[in-house]
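Reader: I would like to learn how to read the features of a structure one by one, beginning each time with the general idea and then turning to the case at hand.

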Amino acid sequence: MTGTSASTTVEWQVLDDAGAGRDLEVIAADMRGVAGVDGLVLTMRDITDRNQLDAELRRQALHDGLTSLPNRALFLDRVGHALSRGHRDGHSVGVLFMDLDDFKLVNDSLGHAGGDELLIAVAARLTTMIRPGDTVARFGGDEFALLVEDVDVASTINQVADRVQEAFQEPLSVGDSHVLARFSIGIAVGGSDTHNPDDLLRDADAAMYVAKRSGKARHVLFEPAMHEESQRRLAIAGELRGAIDRNELVVFYQAIVDVHSGRTQGAEALVRWNHPHRGLLQPDDFIPMSERNGVVIPLGQWVLAEACSQVQQWKRAELVDEAFYIAVNLSARHLQDSHVVAHVVEALERSELSPAALVLELTETALLEDLDRTRSTLAALKDLGIRLAVDDFGTGYSSLSYLSAFPVDVIKIDKSFIDQLALTSGGEAMVRAVVELVHALGLVAVAEGVEERDQAAALEHIGCKLAQGFLFAKPMAASEMTKALAPLPASTP
Ligand code: C2E
Ligand code: MG
Ligand code: MG
């Protein structure tokens, strides 16, 4: 064949015999100039299957496989379009970054299938709440996001967040269980000066982080200071690894006292970071990040070694008696770390401290993280002869019934309970009930965060023997603590 041809391709939707739609690709070629053809040629192909496959691939690329909600890529695309529309007609665009609280606990207790079922139920409930035109997405894990178009005033978006939180007051059913799913929500609103969807999402994420840190199950509106804050945290986390080697960490000690006599019975080791530029950093400034990036493992190992050797020095100098103990905090990450038992053995051997003088503190949520693994780690730790404490009791699952399942010795009652003491009669009844249960289980109760004399008096009345708090002593550097520990009276022959 010689000559030239020009062609156009179109798609036709036609009905087949059964009345189902089929896609036809029609190529029309003008072959009038082609010798031997000399006419218009139409070629038709049924491309229904190909189109369906394309659509499915596109859907998969833009949706979450588990919940079928839009994924991050599609969400960002929609935010981008919403921003452009907003620029034209003067509306703002709101983004809610929503992270389920304590999802890991659900996953561990219900199994992965149960966790998946919960995520599907969450997605379904979110979908029923949104207005047409708004988008709800899942970013993976327990992260969801909501795009709210046409936000006129900041209060609109707060109302949306309120609605989400109200909708999740009702438990969801997962198998035979009813599970309460709650969100920490970060909100960001983008207006005429926001052009990048990523920026809006990053702001909402930073606000979500603040919501988590301020106690979860709440929503927080982004402020520019939060971005600086998250940048600062990232920078700090990056520097922490080196800080251990550069000897920038310090252990402070806070006395644990007998409420009745006021005598020091032990101390808690609380880490600080003497940062070369940022000053003395508190654990809240770097522990959460170190848990995320794993640096909490070498950090904990260092604190443990340092605290054990310090206490052994006090014992040798007879500044404290035989019964004096040191409490060291461990993170959830430590319980999942196969070396934790070896690290404890090493710290005890190097310092020659008796295992009876060491208490390891763990939070309730850390205990519940991976039940089987936790149980075997705790059993191995207990075999060394050390004791275990539940820290911040009352802030996590707040169930004393499960405590009998763990080989714990000490329960530290969280400051939030102690704050209620001597304030309300209900508060006192609550602490009394907890202390009585702790005693009934044969465990020791320690009150945390005692600041007022009235609180100490109430504790004594209730029968809680040990306490810790600013009323008795603040955390202090080892040298200060050495001074504070009055020398024991020399035994006269
Ligand atoms: P925590 O183990 O519950 O420690 C008690 C916290 O309450 C300490 O805060 C202490 O300074 C503070 N506190 C004590 N008495 C009072 C009081 O009367 N009033 C008030 N308002 N606060 C009081 P800090 O030192 O900032 O430590 C915070 C948390 O950081 C600790 O809570 C612990 O969970 C964690 N942490 C500290 N050191 C370490 C460590 O070496 N490793 C790990 N993994 N976590 C640590
Ligand atoms: Mg503690
Ligand atoms: Mg505590």
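Author: What follows takes metal sites, a ligand, aromatic rings, a helix and a strand in turn. Please keep in mind throughout that this is a predicted model.

Reader: Let us begin with the metals, then: which protein atoms are the donors of the magnesium ion (ligand 2)?

Author: To read a metal site, one lists the donor atoms and then asks where they sit along the chain. For the magnesium ion (ligand 2), the protein donors are E268 (OE), N329 (OD1), E361 (OE) and D391 (OD), and they lie 2.0 to 2.2 Å from the ion. Along the chain these donors follow the spacing E-x60-N-x31-E-x29-D. Distant parts of the chain are linked here, since N329 belongs to strand β14 (residues 325-329) and E361 to strand β15 (residues 358-363), 32 residues apart.

Reader: Are N329 and E361 buried or partly exposed?

Author: N329 is partly exposed, with a relative accessible area of 28%, whereas E361 has a relative accessible area of 2% and is buried.

Reader: What coordinates the magnesium ion (ligand 3)?

Author: The magnesium ion (ligand 3) is coordinated by D391 (OD), D392 (OD) and two entries for E448 (OE), at 2.0 to 2.7 Å. The donor residues of this ion are spaced D-D-x55-E in sequence. Here too the link is between distant parts of the chain, with D392 in strand β16 (residues 387-393) and E448 in the loop between β18 (444-447) and α15 (453-462), 56 residues apart. D392 is partly exposed, at a relative accessible area of 24%, while E448, at 12% relative accessibility, counts as buried.

Reader: Which residue bridges the magnesium ion (ligand 2) and the magnesium ion (ligand 3), and how many Å apart do they lie?

Author: The bridging residue is D391, which coordinates both ions, and the two ions are 4.0 Å apart.

Reader: Which residues around ligand 1 come nearest?

Author: One reads such surroundings from the list of neighbours first and the polar contacts second. There are 22 residues around ligand 1, and E268, N329, D391, E451 and F470 come nearest. Turning to the atoms, E268 places a polar side-chain atom 2.8 Å from an oxygen atom of ligand 1, and R272 does so at 2.9 Å, likewise from an oxygen atom. With E451, a polar side-chain atom lies 2.5 Å from a nitrogen atom of ligand 1. E268 therefore has two entries in our reading, as a donor of the magnesium ion (ligand 2) and as a residue whose polar side-chain atom lies 2.8 Å from ligand 1.Reader: How many aromatic pairs does a search of the whole structure find?

Author: The general idea is that a pair of aromatic rings is described by the distance of the centres and the angle of the planes. In the whole structure, a search finds 7 aromatic pairs. One of them joins F75 and F139, whose ring centres are 5.5 Å apart with planes at 70 degrees, so the pair is edge-to-face. Because F75 lies in helix α2 (residues 72-89) and F139 in strand β5 (residues 135-140), this pair ties together parts that are 64 residues apart in sequence. F75 counts as buried at 0% relative accessibility, and F139 counts as buried at 14%.

Reader: Why is the pair of F97 and F139 edge-to-face?

Author: The planes of F97 and F139 stand at 70 degrees, with the ring centres 5.7 Å apart, so the pair is edge-to-face. F97 lies in strand β4 (residues 92-100) and F139 in strand β5, and the pair therefore ties together parts that are 42 residues apart in sequence. F97 is itself buried, with a relative accessible area of 2%. Ring pairs link F75, F97 and F139 into a cluster.

Reader: Where does the charged end of R125 sit, and where that of R387?

Author: For a charge over a ring, one reads the distance to the ring centre. The charged end of R125 sits over the ring of F168, 5.5 Å from its centre, and that of R387 sits over the ring of Y325, 5.0 Å from its centre.

Reader: Which residues are buried in helix α7, and what covers them?

Author: In helix α7 (residues 283-293), the residues D285, F286, I287, M289 and S290 are buried. Their cover includes α5 (197-213), α6 (224-245), β12 (264-275), β13 (279-281) and α8 (296-316). After α7 comes G294, which has a positive phi, near 85 degrees.

Reader: With which residues is V189 in contact, leaving aside its neighbours within four places in sequence?

Author: V189 lies in strand β9 (residues 183-190) and counts as partly exposed at 35% relative accessibility. With those neighbours left aside, V189 is in contact with S92, V93, G94, I157, L200 and L221. Separation in sequence and in space can be read side by side: V189 and K212 are 23 residues apart in sequence and 19 Å apart in space, C-alpha to C-alpha.

Technical notes
Residues are numbered from 1 along each chain as its sequence is written. Chains are lettered from A and ligands numbered from 1 in the order in which they are written. This is a predicted model: local features need pLDDT of at least 70, side-chain atom pairs count only at pLDDT 80 or more; totals for chains, interfaces and linings use all residues. Side-chain values use heavy atoms; hydrogens and water are left out. Buried means under 20% relative accessible area, exposed over 50%, partly exposed in between (1.4 Å probe, protein chains only). Helices (H or I, at least four residues) and strands (E, at least two) are DSSP runs, numbered from the N terminus. Contact means heavy atoms within 4.5 Å. Rings of Phe, Tyr and Trp (its six-membered ring) pair if their centres lie within 6.5 Å; planes under 30 degrees apart count as stacked, over 60 as edge-to-face and the rest as tilted. A charge sits over a ring if NZ of Lys or CZ of Arg is within 6 Å of the ring centre and within 35 degrees of the ring normal. Donors are N, O and S atoms within 2.8 Å of the metal (3.2 Å for Na, K and Ca); water is not among the atoms, so sites may look incomplete. A residue is near a molecule or strand if one of its heavy atoms lies within 4 Å of it. A polar contact is a pair of N or O atoms within 3.5 Å; within protein, one must be able to donate a hydrogen and the other to accept it, and residues adjacent in sequence count only if both atoms are side-chain atoms.
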